Amino acid sequence: MPRSFPFQQVDVFAEKPLEGNALAVVSNADDLTDAQMAAFARWTNLSETTFLLRPTTTQADYRVRIFTPQRELPFAGHPTLGSCHVWLSDGGKPHGDRIIQECAAGLVEIRDNYHRLAFAAPPLVRSGAVDSSTLQQIARGLGIDEARIIASNWVDNGPGWVAIMLSSRDEVLSLRADYPTLDGLNLGVIGPWGGADAEADVEVRAFMGGEYAEDPVTGSLNASLAQWLIPEGILPARYSASQGTVIGRRGRVWIEREAEVTWVGGQVQPIISGAVCI
């Protein structure tokens, strides 16, 4: 017999509804099995669906499990902010000044500043130079000359991100990905906006090679880009990123680095609330 669980669908990294990245959140999900969670995530067919549960440690305020339609993730950025928003709207109260989320990747610190949530970026699990064969593959997969890549780095904080930088926003927006050539690479591309009409400092795109899709707005990628480019002195310690433009979104991500901690922030808009029967 199906049971009823509180449910919300929210829009993350959006200053207005329907501009960011959608997330489905099921609350009070402790009694759901792994199979039920995976099946519901496949059914929603969103990039991620999350489930709020009781924490397993007294250090955490709540626990979250994050599923794509294909697999469970240890951590992801927009599910972190969206899940926290729903936990707070459900009446959650943090133990301290900051909210502590438990997930498979460990404990993640979240702060709430003037209705903009921000998470502390987890450490990179892989960084450093990109080998020449991978750079050639990326250039072929994007249909560009390799000489247009002005910087590159592995920026993996879990999903396997590799990133390149181009010289302008226009170059970033003009890209068309050939996913079979990218061959499963999760690729981030960033370029400066520039000009008097700039609404953000940089434009970001995320090509999910495993899913053959472009992600609307990506917290984990923006986190790792900041962890690469701020210490290198390429970007300042505080900046804003635009993402999702090509696919009709207007995502906005706010980055701030303080005392070696990179904070990744954005607004969350409520879209749908009710109950789900699983």
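A pocket, on a 1 Å grid over the protein atoms alone, is an open set of points where a 1.4 Å probe fits, with protein on both sides within 12 Å along at least five of seven lines. Grid points are joined across faces, edges and corners, and a volume is the space filled by probe spheres set on the points. By that definition, the largest pocket here holds about 390 Å³ of space.

This is a predicted model, in which local features need pLDDT of at least 70 and side-chain atom pairs count only at pLDDT 80 or more, while totals for chains, interfaces and linings use all residues. Residues are numbered from 1 along each chain as its sequence is written, and side-chain values use heavy atoms, with hydrogens and water left out.

**Largest pocket**
- The lining comprises 25 residues (each with an atom within 4 Å of a point).
- Ser 47, Glu 48, Met 208, Glu 211 and Asp 215 lie nearest the pocket centre.
- Helix α2, strand β14 (213-215) and helix α6 each give two or more residues to the lining. Helices (H or I, at least four residues) and strands (E, at least two) are DSSP runs, numbered from the N terminus.

**Helix α2**
- Helix α2 covers residues 77-89, 13 in number.
- From first C-alpha to last, α2 reaches 19 Å, close to the expected 18 Å. The expected span is 1.5 Å times one less than the number of residues.
- The rest of the structure largely encloses α2, because 11 of its 13 residues are buried. Buried means under 20% relative accessible area, exposed over 50%, and partly exposed in between (1.4 Å probe, protein chains only).
- The buried residues of α2 include His 78, Cys 84, His 85 and Trp 87.
- Gly 91, just after α2, has a positive phi of about 100°.

**Strands around β17**
- Strand β17 (residues 261-266) is mostly covered, with five of its six residues buried.
- Strand β8 (residues 116-120) runs antiparallel to β17, joined by four bridges. Pairing requires at least two DSSP bridges between two strands.
- Ala 120 stands opposite Trp 263 of β17.
- On β16 (residues 251-258), five bridges link the strand to β17, again in the antiparallel sense. Arg 257 has Thr 262 of β17 as its bridge partner.
- β16 and β17 form a hairpin with two residues between them.

**Nonpolar cores**
- The largest nonpolar core has 48 residues, and Tyr 62, Ile 110, Phe 119, Ile 190 and Trp 228 touch the most other members. Helix α6 (residues 219-229) gives the most to this core, with six residues. A core is a set of buried Ala, Val, Leu, Ile, Met, Phe, Trp, Tyr and Cys residues joined through side-chain atoms within 4.5 Å.
- Phe 119 touches residues including Leu 81 of α2, Ala 223 of α6 and Trp 263 of β17, not counting residues up to four places away in sequence. Contact means heavy atoms within 4.5 Å.
- Apart from the largest core lies another, of 19 residues, among them Ala 139, Val 162, Leu 175 and Phe 207.

**Single residues**
- Thr 44 is in helix α1 (residues 34-44). At 18% relative accessibility, Thr 44 counts as buried.
- Thr 44 touches Ala 24 and Thr 49, not counting residues up to four places away in sequence.
- Asp 183 sits in the loop between α5 (179-182) and β12 (186-192). Its phi is near 55°, a positive value in a residue other than glycine. At 61% relative accessibility, Asp 183 counts as exposed.
- Ala 259, in the β16–β17 loop, has a phi near 50°, also positive. At 75% relative accessibility, Ala 259 counts as exposed.
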